[in-house]
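User: I would like to go through this model with you one question at a time. Please give the cut-offs behind each term when it first comes up.

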Amino acid sequence: MDLETSLGYLLKEASSALRAAMEAVLRPLGMTITHYSCLELLAQRPGLSNSELARGTFVTRQSMNVLLQNLERDGSVVRPAEASVGKVLPTRLTERGRRSLEVATVAVRGVELRMLGDMTEEEQASAFRILHGMIERLR
């Protein structure tokens with residue numbers, strides 16, 4: 001396989017570049033990509049469980065549990081002391097968590113805008129469709 005013509009390799013390279021750029025803007029805010037992703041998921045879908053957050057951020061349940069404990073300790077999220085049903089502890093953002101997310105979202109959006117550069121809206125829509133199609137076909 002020629003790496004220079006491998007679309008899979010190019011996608012991995014793009015993913016790595018995006019991750020590095022996001023880490024660079026989140027680090028000064030005291031966040032990791034997983035931390036930011038967790039806050040973003042909770043803003044969009046309040047009450048997610050540890051397992052749902054782990055799946056949504058591509059980490060293990062154990063790693064997510066550690067992150068949630070840290071976020072709880074710093075006042076960014078709240079979880080009930082005990083589960084009302086089964087073992088699930090639904091997590092919710094606090095006002096502090098929302099403020100942190102707002103700042104991080106601006107930084108991450110700046111990275112995305114830099115990545116898109118001078119692409120037209122049509123090119124962006126086309127890239128979006130193509131990537132979604134690739135994901136669907138692989139699943």
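User: Which residues does Cys-38 touch, not counting those up to four places away in sequence?

Analyst: This is a predicted model, in which local features need pLDDT of at least 70 and side-chain atom pairs count only at pLDDT 80 or more, while totals for chains, interfaces and linings use all residues. Residues are numbered from 1 along each chain as its sequence is written, and side-chain values use heavy atoms, with hydrogens and water left out. Taking contact to mean heavy atoms within 4.5 Å, the partners of Cys-38 are Leu-53, Thr-57, Met-64, Leu-67, Leu-68 and Leu-71.

User: Which helix gives the most to the largest nonpolar core?

Analyst: A nonpolar core is a set of buried Ala, Val, Leu, Ile, Met, Phe, Trp, Tyr and Cys residues joined through side-chain atoms within 4.5 Å, where buried means under 20% relative accessible area, exposed over 50% and partly exposed in between, with a 1.4 Å probe and protein chains only. The largest such core has 23 residues, and those with the most contacts inside it are Tyr-36, Cys-38 and Leu-53. At least two of its residues come from each of H1, H2, H3, H4 and H5 (helices are DSSP runs of H or I with at least four residues, strands are runs of E with at least two, and both are numbered from the N terminus). With six residues, the element that gives the most to this core is H2.

User: How are the buried residues of H3 placed around the axis: on the same side or on opposite sides?

Analyst: In helix H3, which covers residues 50-57, the buried residues are Asn-50, Leu-53, Ala-54 and Thr-57. Because they cover an arc of only 100° around the axis, judged by the directions from the helix axis to the C-beta atoms, these residues lie on the same side.

User: Which helices are included in what covers those buried residues of H3, and which residue with a positive phi follows the helix?

Analyst: The cover over the buried residues of H3 includes helix H2 (33-44) and helix H4 (61-73). At the other end of the question, the residue that follows H3 has a positive phi, near 65°, and it is Phe-58.

User: Is Leu-93 buried or exposed, and what is its relative accessible area?

Analyst: Leu-93 lies in strand S2, which runs over residues 92-93. Leaving out residues up to four places away in sequence, Leu-93 touches Leu-39, Leu-42, Ala-43, Ser-76, Val-77, Arg-98 and Leu-101. Leu-93 counts as buried because its relative accessible area is 8%.

User: How many salt bridges does a search of the whole structure find?

Analyst: Side chains of opposite charge can pair when their charged atoms come close. The criterion applied here is a side-chain nitrogen of Lys or Arg within 4 Å of a carboxyl oxygen of Asp or Glu. Among the pairs that meet are Arg-19 with Glu-23, at 3.3 Å from N to O, and Glu-72 with Arg-79, whose closest N and O atoms are 3.1 Å apart. The number of salt bridges found in the whole structure is three.

User: In the salt bridge between Glu-72 and Arg-79, which relative accessibility makes Arg-79 count as buried?

Analyst: Glu-72 is partly exposed, because its relative accessible area is 30%. Its partner Arg-79 counts as buried because its relative accessibility is 15%.

User: What N to O distance joins Arg-109 and Glu-112?

Analyst: Arg-109 and Glu-112 both lie in helix H5 (residues 95-116), three residues apart, about one turn of the helix. An α-helix has 3.6 residues a turn, so residues three or four places apart point the same way. Arg-109 counts as partly exposed at 40% relative accessibility, as does Glu-112 at 35%. The side chains of Arg-109 and Glu-112 meet in a salt bridge with an N to O distance of 2.4 Å.

User: Which helix gives the most to the nonpolar surface patch?

Analyst: Patches are made of residues with over 30% relative accessible area and no salt bridge, like charges being joined within 9 Å and nonpolar side chains (Val, Leu, Ile, Met, Phe, Trp, Tyr) within 5 Å. Leu-7, Leu-10, Leu-11 and Leu-131 make a nonpolar patch of about 350 Å², with accessible areas from the Shrake-Rupley method, a 1.4 Å probe and, for residues, only the protein chains shown as cover. Leu-131 belongs to helix H6 (residues 121-138) and counts as partly exposed at 41% relative accessibility. With three residues, the element that gives the most to the patch is helix H1 (residues 7-26).
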